[in-house]
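The paragraphs below walk through selected local features of one protein model. Please keep the sequence and the coordinates open while reading.

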Amino acid sequence: MKIKIGPIGPIGSILLIISALLVTAFPQRQTTFDLVILNGRVIDPESRTDAIRNLGISNGTIKVISTAKLSGRTVIDAHGLVVSPGFIDLHQHGQDEENYRFKAMDGVTTALELEVGTGDVDAWYATREQKSLINYGVSAGHLAARMAAMHEPVTFLPTGDAARRPATDAEIDEMKGRLEEGLKQGAVAVGFGIQYTPNASRWEILEMFRVAARYGASCHVHMRHAGVKEPGSSIQALEELIAATAITGAPLHVVHIQSTGGPATPKLLQMIGEAKSRKLDVTTECYPYIAGMTDIKSAIFDEGWQEVFNIDYKDLQWAATGERLTKETFEKYRKTGGMVAVFSMTEEIVAAAIKSPLTMIASDGILERGKGHPRTAGTYSRVLGSYVRDKGTLTLMDALTKMTLMPAQRLERRVPAMKNKGRIRVGADADLTIFNPQSITDKSTFQDPAQYAEGIRYVVVNGVVIINEGQLQSNVYPGRAIRAPLVAKTARTSPGDSTYRRPASPSARLQAGHNAAQ
């Protein structure tokens with residue numbers, strides 16, 4: 001359709017001339033952004049973009065994605081580098097300054113403790129506010145609730161009654177109240193370590209799933225059993241969880257599928273795929289190592305562990321010294337407790353889990369004074385270097401999807417802010433990882449896990465550069481809380497009331513905050 005413009009007359013002509021002169025004399029000023037990233041290979045899993053683009057960032061968000069040159073107060077030339085959404089780790093136990101440094105150098109911009117979680121959500125977040133290099137978040141932990149209900153000191157993992165005896169109805173009721181209080185305080189999810197509490201009844205777990213369902217919270221679960229031995233196999237353990245999500249409606253996320261499943265991993269993945277095809281909300285994760293790690297004092301190493309994992313003492317490595325264990329050293333360290341690596345997987349099992357379209361990448365990481373598992377410092381760089389570049393197990397797009405978009409989507413039902421994480425689009429949070437795909441590699445080992453990954457050139461958290469030209473920046477704390485909306489508190493009456501929470505003593509609150517940082 002043509003629009004006919006009539007005569008403009010002498011006054012109109014004069015106005016047009018003046019307008020032209022003004023435009024010539026005062027050209028439109030180009031926007032200057034807080035941060036500009038030029039010439040990078042931008043890969044966004046949501047839109048499937050894989051192209052050279054420039055990004056303009058201000059006030060912590062992406063304002064422009066363009067092929068045109070942009071102006072910024074700070075400029076990064078990303079020529080030859082991949083610009084990805086920042087990596088999101090759903091399973092990171094170490095939640096302190098030491099661990100955040102290693103996560104950042106591995107490209108992680110958000111690290112969440114969703115398996116073990118905490119017993120005091122408010123205290124956990126308060127400890128980290130305005131003190132964190134990267135984004136952080138936590139679940140309400142069933143383990144912590146169980147320890148508190150059974151009057152056991154709340155530590156990282158239970159070792160007393162909470163680890164080994166069935167709960168009474170009154171204790172289950174108190175656990176429900178504690179989980180509900182944590183969810184009202186904004187906990188991201190509900191965390192479970194059922195293998196650490198083998199005598200927790202199926203009914204107890206169902207009751208915890210029911211609490212999660214009422215708040216739309218996903219259940220991040222270390223399954224009850226591992227391996228293939230029947231009865232008590234990982235297949236039976238997954239059946240329990242799929243039934244729980246079908247009964248209650250609570251979303252299910254199965255942690256480290258390959259280390260729990262072992263040789264049964266392909267069967268577990270088939271079961272998850274079948275559950276999803278029937279519209280059940282079930283997801284899972286894996287990490288790229290053939291050994292796990294846990295506390296030697298935990299219930300996992302109760303009598304019969306060799307048969308469960310199909311391993312022996314020589315397949316255990318003491319994290320503090322790097323020594324392989326014998327019967328004598330196992331019994332010695334079992335009395336004191338401490339972290340031990342468990343070599344129970346094969347490379348074929350790990351590769352199958354990584355390749356599956358069902359799995360996200362998550363580290364299960366923790367370092368304490370430089371000791372721990374190499375997955376803390378190297379998970380994401382190892383996937384991108386070994387499994388993408390060297391072995392071709394995954395495409396770069398698929399790997400980044402597992403590290404960014406999929407974890408964000410897992411949480412956004414309960415945490416709407418996650419809709420702006422794991423993406424590169426206008427309006428999204430400026431959490432970005434910029435790396436060299438040809439040189440990225442993990443350097444951490446089981447003997448020396450505290451080694452920074454290489455090839456991550458820049459990391460941006462909420463618009464702030466925390467890694468610049470491969471160097472960690474000091475005295476910057478742009479990390480923000482990843483937290484669900486808070487629910488108004490109501491009067492609490494008794495353990496039978498769903499809003500009940502027994503007041504914690506000051507010492508208990510301090511202990512909970514300390515334990516969550518382990």
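E469 sits in the loop between β21 (464–468) and β22 (471–472). In this predicted model, E469 has a positive phi of about 55 degrees, although it is not a glycine. Its relative accessible area is 48%, and because exposed residues need over 50%, E469 counts as partly exposed.

Another non-glycine residue with a positive phi is H151, at about 60 degrees. H151 belongs to the loop between α4 (142–149) and α5 (161–164). With a relative accessibility of 62%, H151 is classed as exposed.

The next stop is the loop between β10 and α8, where P231 is placed. The peptide bond joining E230 and P231 is cis, with omega about -10 degrees. At the N-terminal end of α8, S233 acts as a cap: one of its side-chain oxygens lies 3.3 Å from the backbone nitrogen of I235.

How far apart are the end C-alpha atoms of helix α8? They are 21 Å apart, which agrees with the 21 Å that the 15 residues of α8 (residues 234–248) should span at 1.5 Å a residue. The buried residues of this helix are S234, A237, L238, E240, L241, I242, A244, T245 and T248. Among the elements that cover them are α7 (202–214), β10 (219–222), β11 (252–254), α9 (257–261), α10 (265–277) and β12 (282–286). Just after α8 comes G249, with a positive phi of about 85 degrees.

Helix α10, one of the elements covering the buried residues of α8, can be read in a similar way. It has 13 residues, and the 18 Å from its first C-alpha to its last is close to the 18 Å expected at 1.5 Å a residue. Buried in α10 are T265, L268, L269, M271, I272 and A275. Seen down the axis of α10, these residues fall within an arc of 155 degrees, so they line one face of the helix. The face of α10 turned away from that buried side carries P266 and K267, which are exposed.

Which elements cover the buried residues of α10? They include α8, β11, α9 and β12, together with α13 (347–355) and β16 (359–361). Thus α8 is among the elements covering the buried residues of α10, and α10 is among those covering the buried residues of α8. Just after α10, K279 takes a positive phi of about 70 degrees.

Technical notes. Residues numbered from 1 in each chain as written. Predicted model: local features only at pLDDT ≥ 70, side-chain atom pairs only at ≥ 80, totals over all residues. Heavy atoms only, no water. Helix = DSSP H or I, 4+ residues; strand = E, 2+ residues; numbered from the N terminus. Expected span 1.5 Å × (residues − 1). Buried < 20%, exposed > 50% of the residue type's maximum accessible area, 1.4 Å probe, protein only. Contact = heavy atoms within 4.5 Å. Polar contact = N/O pair within 3.5 Å; in protein donor to acceptor, adjacent residues only side chain to side chain. Arc of directions from axis to C-beta.
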